[in-house]
Amino acid sequence: MNITEWRAYLVTAANRSAGRSTPEVVAAALDGGVDVVQLRDKGVSDRERYETGLRLRELTADAEVPLLVNDRIDLAAAIDADGVHLGQTDLPVSVARERLGDSAVVGVSASTVEQAHEAAAAGADYLGVGAVYGTDSKDVSGDRDGIGTERIAAVADAVDIPVIGIGGVDASNAAPVVEAGATGVAALSAITAASDPAAATEALRAAVAE
Ligand SMILES: Cc1ncc(COP(=O)(O)OP(=O)(O)O)c(N)n1
Ligand SMILES: Cc1nc(C(=O)O)sc1CCOP(=O)(O)O
Ligand SMILES: [Mg+2]
């Protein structure tokens, strides 16, 4: 599947999964039609994240869904992930390319047009842009109320690579993010903390596909 076709993007959160394991949440999201999974799971040990990653690799490979790893190029290689998502303070795109190869998917976080230009020039395959509506799942102190869909539009107009909107996104507010120019949306808590992650994933994807 081409990155431009990614509508619903799950970012895992072991500490915000309503007592369920990340593999349980991912299995449900796959049943709900998630297009791509990113192993994030901050706050757990490297060993635990590695073992979770091996299980997610099995689940996503069976479903023919891409698996990405947040921050860690070494972990992405160790679990044979399809790529990595890098923030502004993580290792650069060039190192990910060197270590993971040209076929790897490398996403980059960008919250401004300048960061978006830099990431696209560095060879990013897509941008994660947020926090659109603000979030309780990550410290985004600079944008407590979110960067808004206007910023999504400015970034989407500035680059030729796909933009994924993230931050406080759920089925009720996903459509304006795509109307602003994002090709899809990413969510942690809307899926990981949902009573029915499969249904939440299906609803999120439907909201974007409309
Ligand atoms: C799809 C997507 N977009 C943005 C992020 C945030 O990544 P980063 O800036 O590296 O922050 P942390 O996730 O490491 O706290 C993401 N993970 N995924
Ligand atoms: C991991 C992450 N990155 C963000 C960014 O703006 O780059 S916001 C975020 C957390 C998103 O969690 P939720 O879907 O629960 O709001
Ligand atoms: Mg990071």
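Student: What makes the approach of L188 to ligand 2 a polar contact?
Tutor: A backbone N or O atom of L188 lies 2.9 Å from an oxygen atom of ligand 2. A polar contact with a ligand is a pair of N or O atoms within 3.5 Å, so the pair qualifies. The model is predicted: local features need pLDDT of at least 70, side-chain atom pairs count only at pLDDT 80 or more, and totals for chains, interfaces and linings use all residues. Residues are numbered from 1 along each chain as its sequence is written, chains are lettered from A and ligands numbered from 1 in the order in which they are written, and side-chain values use heavy atoms, with hydrogens and water left out.

Student: Which polar atoms of A131 and S137 approach ligand 2?
Tutor: For A131, a polar backbone atom is 2.9 Å from an oxygen atom of ligand 2. For S137, a polar side-chain atom lies 2.6 Å from an oxygen atom of this ligand. The protein covers 93% of the 430 Å² of accessible area (Shrake-Rupley method, 1.4 Å probe) that ligand 2 has on its own.

Student: How do you know which residues are around ligand 2?
Tutor: A residue is listed if one of its heavy atoms lies within 4 Å of the ligand. R40, G130, A131 and K138 are among those found around ligand 2. By class, this shell has four nonpolar, six polar and two charged residues (Asp, Glu, Lys and Arg count as charged, and Gly is among the polar ones).

Student: What shows where ligand 1 sits?
Tutor: Ligand 1 sits in the largest pocket, and ligand 2 also sits in the largest pocket. To sit there, a molecule must have more than half of its atoms within 2 Å of the grid points. A pocket is an open set of points on a 1 Å grid over the protein atoms alone, where a 1.4 Å probe fits, with protein on both sides within 12 Å along at least five of seven lines; lining residues have an atom within 4 Å of a point.

Student: Which side chains make polar contacts with ligand 1?
Tutor: An N or O atom in the side chain of H85 is 3.4 Å from a nitrogen atom of ligand 1. Oxygen atoms of the ligand are approached by the side chain of D90, at 3.1 Å, and by a polar side-chain atom of K138, at 3.0 Å. The protein covers 90% of the 420 Å² of accessible area that ligand 1 has on its own.

Student: Why are D71 and D90 said to gather at one spot?
Tutor: UniProt places the feature "binding site" at D71 and D90, in an unreviewed entry. They span 20 residues in sequence, yet no two of their C-alpha atoms are more than 6.1 Å apart, so they gather at one spot. The lining of the largest pocket takes in D71 and D90. D71 is in the loop between strand 3 (67-70) and helix 3 (73-78); these elements are DSSP runs of at least two residues (E) for strands and at least four (H or I) for helices, numbered from the N terminus.

Student: Why is the bond between G130 and A131 pointed out?
Tutor: A cis peptide bond joins G130 and A131, with omega about 5°. Most peptide bonds are trans, so a cis one deserves mention. A131 is in the loop between strand 6 (126-130) and helix 6 (148-158).

Technical notes
A polar contact is a pair of N or O atoms within 3.5 Å; within protein, one must be able to donate a hydrogen and the other to accept it, and residues adjacent in sequence count only if both atoms are side-chain atoms. UniProt positions are given in the numbering used here, feature names are shortened, and annotations may be inferred rather than shown by experiment.
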